[in-house]
Amino acid sequence: ADCTVCSTALAHALQGGLLPTSSKPSFKKGSEFETKEWLGDSVLGSKVKQTIHESYSQVMSMQAMRAVSQLSVRNDVLSMMYEQIGVCGVLGLEDAFTGKKRADIMEAVCADLSLNRGMQPELADHALASIANAAIVLGYPMWQASQQADARSSQRAAPACLQEQLSTVHHPYVEDIDIDAVGLPPHATPPDSLIHHQAFWEFRAYLLMKLFPEETSLELLLFTASGFNYEKGCPKTSFHCVWPSLIIDRERAHAVRLASVDGFNSGARMFSWLGDLQRNLDHLTTRQVAPNPNPGFTNDLVKHGKHSEEPPAKPNQAAAVAGESDETAFDTLIDITGVRAGSLRMVFNDKVIKPSQAYAKRPLKPVGVIRFEKKASA
């Protein structure tokens, strides 16, 4: 299946009256569209599984088929499919929509095709089959990339243990600086260099010295757990920061994080390099869809580390449109998990992915100790 086949099939289905609800999406709670979206999730999932079994059962294991089917119906995959097919134009939608809403529309389309099949069975079956095939074409390369990452990771020795250290009521301030780079191909290198440089760490220390004015110098114990994020299927930059001279409790840790996020947001308006960082983070943490000049789905769906020619999306634009979040890039960069956690992973130890209990394959490794003096702050 390719773009032309899917587009044509959906256009014919629309003309045949098979898409009465999905062609007029309404995201109000309790609407008929919401019901169709819920039902369509099962319809598409079942069709994808059937197609994978018919096409790949002789060459793929049950575990592999299960993994491909799960990847093929993820919201980000359905959103990419929406873009590649050109659903907005095909259905004549006035709003372009973004993020999960695109996935919801694709699921509602599948429900419409299933429920209205009796009107024109062949037309409905052809359209649903083309959507399922397109989903697999998008999901399969993601599975291949994860297999390649597994092969690379298996060459490294597994961590000796999975030990954690419980936090006391008062403890040194600890934070995680993370980038889930869903805007990069799965096989790309984590974008550590975006933040791991002198200007960034000096500005980070500067903000902390403003919050703790009695501190004339600070010491940072820096660790990294960068690698491939199996839970999100993308490269992940992850720095673990321990500031041993800043003794806080959980309530103060939250206050320090919020004030730090505000400080970075303000700094982005004052310093060009921080503004550039904010735009790069917005770009990297939004899954990108590359233009497709030729008919047909391709594996090259993501800009390989390059900005789109279009202006970068606003911070968490998809979530904001859906009314789900008003976070900025720095809200996600300074991970809130670090201040919520009641335990801390010890150095050289890995963590497990729930519920599978598999290794995350991103053990915590030391980077070094960095010392800051107030006179040298940003």
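This is a guided tour of the structure, with suggestions for what to select at each stop. The model is a predicted one, and residues are numbered from 1 along the chain as its sequence is written.

**First stop: helix α4**

Begin by selecting residues 75-85, which make up helix α4; nine of its 11 residues are buried, so this helix is largely enclosed by the rest of the structure. To see which residues these are, colour D76, V77, L78, S79, M80, M81, Y82, Q84 and I85, the buried residues of α4. Then step just past the helix to G86, where the backbone takes a positive phi of about 80°.

**Second stop: the largest nonpolar core**

Keep M81 of α4 on display and add I105, L113 and I131, since among the 46 residues of the largest nonpolar core these four touch the most other members. The elements that give two or more residues to this core are α1 (3-15), α2 (32-56), α3 (62-72), α4, α5 (87-91), α6 (100-115) and α7 (121-154). Of these, α7 gives the most, with 12 residues.

Which residues does L113 touch, not counting residues up to four places away in sequence? Selecting the surroundings of L113 brings up A13, L18, L19, A124, A127, L128 and I131. Apart from the largest core lies another one, of 38 residues, and to locate this other core you can select Y173, L220, L274 and L281, which are among its members.

**Third stop: strand β5 and its partners**

Now select residues 234-248, which form strand β5. Is β5 largely enclosed or largely open? Here 12 of the 15 residues are buried, so β5 is largely enclosed by the rest of the structure.

Add strand β2, residues 171-180, which is mostly covered as well, with nine of its 10 residues buried. β2 and β5 pair in the antiparallel sense over 10 bridges, and two places along this pairing are useful to pick out: P172 stands opposite I247 in β5, while D176 stands opposite H240 in β5. D176 also leads on to another strand, for its bridge partner in β6 is D335; β6 covers residues 334-335 and runs antiparallel to β2, with two bridges joining them.

Return to β5 and select residues 217-224, the strand β3, which pairs with β5 in the antiparallel sense over four bridges. Within this pairing, L221 stands opposite V242 in β5. Strand β4, residues 227-229, pairs with β5 as well, in the antiparallel sense over three bridges, and the bridge partner of G227 in β5 is K236. β4 and β5 form a hairpin with four residues between them, and in the turn G233 has a positive phi of about 65°.

**Fourth stop: aromatic rings**

For the next stop, show the aromatic side chains; the structure holds 14 aromatic pairs. Select Y56 and Y140, whose rings have their centres 6.0 Å apart and their planes at 10°, so the pair is stacked. Y56 lies in helix α2 and Y140 in helix α7, so this pair ties together parts that are 84 residues apart in sequence. Both of these residues can be checked against a surface view: Y56 is partly exposed, with a relative accessible area of 27%, and Y140 counts as partly exposed at 26% relative accessibility.

Move next to F200 and W201, where the ring centres are 5.0 Å apart and the planes stand at 85°, so the pair is edge-to-face. F200 and W201 are both buried. From here the selection can be widened to F200, W201, F203, Y206, F239, F264, F271, W273 and F330, which ring pairs link into a cluster.

One further ring is worth a look before leaving this stop: select F27 together with K101, which lies over the face of F27, at 4.8 Å from the ring centre.

**Last stop: cysteines**

Finally, select C6 and C110. C6 counts as buried, at 0% relative accessibility, and C110 also counts as buried, at 0% relative accessibility. How many disulfides does the structure hold, when a disulfide is taken as a pair of cysteine sulfur atoms within 2.5 Å? By this rule the count comes to zero.

Note on methods
Predicted model: local features only at pLDDT ≥ 70, side-chain atom pairs only at ≥ 80, totals over all residues. Heavy atoms only, no water. Buried < 20%, exposed > 50% of the residue type's maximum accessible area, 1.4 Å probe, protein only. Pairing = 2+ DSSP bridges. Core = buried A, V, L, I, M, F, W, Y, C linked by side-chain atoms within 4.5 Å. Contact = heavy atoms within 4.5 Å. Phe/Tyr/Trp six-rings, centres within 6.5 Å; stacked < 30°, edge-to-face > 60°. Lys NZ or Arg CZ within 6 Å of the ring centre and 35° of its normal. Disulfide = S-S within 2.5 Å.
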